[in-house]
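Q: Please take a close look at the empty spaces inside this protein and at the residues around them. I would also like to hear about the cysteines.

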Amino acid sequence: MKYDVIGIGNAVMDMIAPIDDFFLSEMAIQKGIMQLVELERSDMLFHAMGKHRQIPGGSVANTMAGCGNLGLNTAFIGKVADDEIGRTYVRETRAAGTDCPNEPQAGSDLPSSRSMIFVSQDGERSMNTYLGISSEVGPDDVPEDVCNEARILFLEGYLYDKDKGKQAFETAARLTRNAGGMAGIALSDPFCVERHRSDFRKLVKELDYVIGNEQEWKSLYQVDDLTTALDMASGDSGLVVCTRSGKDVILVKGHEDVTVAVTEITPVDATGAGDQFAAGFLYGLATGADLMTSGRMGCVAAAEVISHYGARPEADLKDLFRQEGLI
């Protein structure tokens with residue numbers, strides 16, 4: 001197989017700036033959540049944010065960057081327009097070592113996607129995302145040759161917000177699994193789960209692994225108790241992963257149930273914690289590690305990314321794994 005891990009999701013340019021809570025109040029930004037905004041508000045927030053860092057992002061794209069940091073061969077399937085942001089996105093993604101098979105689309109009515117991420121002094125991030133062309137990913141954007149050469153496919157739940165995104169998912173998963181690979185999904189957020197509960201319940205039964213946090217799993221099964229939700233999930237899915245925002249991580253595969261202790265640290269920027277947990281976990285999955293080791297790898301990767309600004313690792317994650325005795 002040419003690729004260890006490939007992903008499909010929204011290609012979003014992250015624009016990250018440190019701010020104080022007064023700025024959030026002045027801009028009417030709800031702290032700590034991801035809000036979708038229209039182009040006009042996106043432009044207004046961009047001009048208000050001042051000095052910022054610009055990094056190719058999107059949840060699954062960030063996970064592919066983490067997997068690449070760990071030495072895995074990766075590809076990211078997304079959609080950008082042939083504008084400055086889109087060209088920069090593809091160029092920098094490829095330069096970082098992740099294959100980006102889709103060229104920027106010329107003649108698009110929609111511009112490339114961007115997310116203004118405002119980071120408070122307590123490390124909480126408030127994301128204001130204009131989806132633009134990235135949410136238009138459809139089955140025609142899924143390269144068959146890439147999926148046929150992938151050992152593991154990672155899907156982004158947000159793409160289910162459009163029928164063509166759902167079709168792109170199903171196409172990529174079918175191609176990858178028919179070629180002998182595995183396919184799994186990140187539930188993305190509780191609101192996404194609420195919007196697509198019936199589809200996600202079906203996916204949990206069909207895919208090889210599912211990653212979600214405590215709120216997402218409880219929302220998926222419409223219960224208040226996490227143990228009940230995970231019992232139901234483990235009856236549906238071959239491999240269930242549950243993160244808990246700084247608390248222990250739970251992984252369940254058949255009759256095997258492991259709990260990975262998490263060392264709490266104060267985040268500099270919580271952006272990308274879930275994305276990089278997924279990267280560490282997928283590295284374990286790709287290299288045949290056991291559940292406990294895979295979960296610990298995810299926790300180490302997540303701890304690294306919240307220690308600095310940005311959603312992608314800056315340290316050598318393999319070195320950190322070695323220091324922890326994981327490889």
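A: **Spaces and cysteines**

The model is predicted, and the protein chain has an average pLDDT of 93, with 100% of the residues scoring at least 70. Confidence within the chain is highest in strand 5 (residues 74-77), where the mean is 98. Strand 3 (residues 34-36) has the lowest confidence, at a mean of 86.

Start with the enclosed space. When the whole structure is searched, one cavity of 30 Å³ or more turns up. The largest cavity holds about 40 Å³ of space. Its lining is made up of A11, F76, G78, K79, V80, Y89, V90, C100 and N102. By residue class, the lining of the largest cavity has six nonpolar residues, two polar ones and one charged one. The charged residue is K79, while G78 and N102 are the two that count as polar.

One of the lining residues, C100, leads on to the cysteines. There are zero disulfides in the structure. C147 takes part in no disulfide, and the nearest cysteine sulfur to it belongs to C100, 14 Å away. C147 also counts as buried, because its relative accessibility is 0%.

C299 can be treated in the same manner. Its closest cysteine sulfur is in C242, at 11 Å, and this is too far for a bond. The reasoning needs one cut-off: a disulfide requires two cysteine sulfur atoms within 2.5 Å, so the 11 Å between the sulfurs of C299 and C242 rules out a bond. C299 has a relative accessible area of 15%. Buried means under 20%, so C299 is buried as well.

Now turn to an open space, the second largest pocket. About 190 Å³ of space lies in this pocket. Its lining consists of 13 residues, and those nearest the centre are E170, A173, L203, E206 and L207. Two helices, helix 6 (163-178) and helix 8 (197-206), each contribute at least two residues to the lining. Helix 6 gives the largest share, with six residues. In the lining of the second largest pocket, seven residues are charged, six are nonpolar and none is polar. Among the residues nearest the centre, E170 and E206 belong to the charged class, and A173, L203 and L207 to the nonpolar class.

To put the two linings side by side, that of the largest cavity includes two polar residues and one charged residue, whereas that of the second largest pocket has no polar residues and seven charged ones.

Key
Residues numbered from 1 in each chain as written. Predicted model: local features only at pLDDT ≥ 70, side-chain atom pairs only at ≥ 80, totals over all residues. Heavy atoms only, no water. 1 Å grid on protein atoms, 1.4 Å probe; cavity = no way out; pocket = protein on both sides within 12 Å on 5 of 7 lines; lining within 4 Å. Points joined across faces, edges and corners; volume = space filled by probe spheres on them. Buried < 20%, exposed > 50% of the residue type's maximum accessible area, 1.4 Å probe, protein only. Helix = DSSP H or I, 4+ residues; strand = E, 2+ residues; numbered from the N terminus. pLDDT = per-residue confidence, 0-100.
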